[in-house]
Amino acid sequence: MSAGGLWTCAGRWLTFRLEPETAHRMSIAALKSGMVPVRPPRPDPRLSVMTAGLAFPNPLGMAAGFDKDAEVPDELISIGFGFAEVGTTTPRPQPGNPRPRVFRLTADHAVINRLGFNNQGHEAAYERLVARRGHGVVGVNIGANKDSEDRIADYVAGLHRFYTLASYFTVNISSPNTPGLRDLQGREQLAELLARIGEARRKEEDIHKRAVPVFLKIAPDITEHGLDDIVAEVLDKGLDGMIVSNTTLSRAGLRHDPGETGGLSGRPVFERSTIALAKTRQRIGPEKTLIGVGGVDSAETALAKIEAGADLVQLYTGMIYQGPGIAGEISRGLSAALDKSGKASISELRGTKTREWAAKAIPA
């Protein structure tokens, strides 16, 4: 039986009887201890991706939110992920919103969370990243404290603090669980944020003689006009790309809506986020890096993101339902897709269906 099958029969049965955050802490502990019974797939050089100056052994990454405090990035890479993104991390520790704040929607293979950037702060993550023994690609997702007097300064502080350790940065302005955070997607505030991030990056690059890519992570709850403005600022300020997308506030298409506030992730966000991804690719052009997130839980959904225009893809909720073997299963599935297509590289499939996806309207 495959690792995924073992998870379905045993691991999921156990963890789904635990409160979601307790189950999450258990999964982190299992990764730390090496008790995750997963063998990574045999490396397939056809799955390697070179983008934003970084070499990824395969295009599948763990999204931010799973490893908020940089506890297990190397362990995630060891079970088959091509890269890991830690955070969101804020300058000062903060507890986040009151519990309960994570809710499984098992009929929809989805999760609602209103965590609110709960994390141990910059220093805890910094110390763990300094102590890393692995050499894989690890991005740092930076955010702002809920009670910050200058949220832009918080982002700048994150870039300065982790510049020598991060493979790339993600500027997260798209969480729905910090009041007012998504206002930073408005053009005027976004222009100021990205200008100050750019200034900070230039200073660090001059000191360390190393250019670290910076990506902007956006929400799927966006209009085409809003997307026009965001992409224009990303291009104007010289960012390396975008991550599309974060969780949604929409509850469209749910079989069962529990009536909880927060961001929805998992299968129900797949179509919305993939349409937004394709529309972003059309606007941003072929050179910038795009990472597709939202509803990835199989080789088919990962491939759809790539065909819609993604260079790389990420998941989190998919592992809650499919288990830790999901990375290997997706990689094997992508290799099989290459066998079938006759293409020499996964990158050759990027954007082959961008026009088809972008022709659809972003759901209201």
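How many of the residues of strand β4 (residues 83-89) are buried? In this predicted model, 7 of the 7 residues of β4 are buried, and the strand is mostly covered.

**Strand β4 and its partners**

Strand β4 pairs with strand β3 (residues 60-62) in the parallel sense, over 2 bridges. Within this pairing, M62 has A84 of β4 as its bridge partner. Between the two strands the chain passes through helix α3 (residues 73-78), and the resulting β-α-β crossover is right-handed. Strand β4 also pairs in the parallel sense with β7, here over 6 bridges. In that pairing, E85 is bridged to G139 of β7. As a general point, side chains in a regular strand alternate between the two faces of the sheet.

**The loop after β7**

Strand β7 spans residues 137-142, and the loop between β7 and α5 (151-162) contains S148. S148 counts as buried because its relative accessibility is 17%, under the 20% cut-off. The side chain of S148 takes part in the two polar pairs tabulated below.

| Group on S148 | Partner group | Distance |
|---|---|---|
| S148 side chain | D150 backbone oxygen | 3.1 Å |
| S148 side chain | D154 side chain | 3.1 Å |

When neighbours within four places in sequence are left aside, S148 is in contact with R92 and D154. D154 therefore appears both as a contact of S148 and, through its side chain, as a polar partner of the S148 side chain within the 3.5 Å limit.

Definitions and conventions
Residues numbered from 1 in each chain as written. Predicted model: local features only at pLDDT ≥ 70, side-chain atom pairs only at ≥ 80, totals over all residues. Heavy atoms only, no water. Helix = DSSP H or I, 4+ residues; strand = E, 2+ residues; numbered from the N terminus. Buried < 20%, exposed > 50% of the residue type's maximum accessible area, 1.4 Å probe, protein only. Polar contact = N/O pair within 3.5 Å; in protein donor to acceptor, adjacent residues only side chain to side chain. Contact = heavy atoms within 4.5 Å. Pairing = 2+ DSSP bridges. Right-handed = clockwise from strand over helix to strand, strands pointing away.
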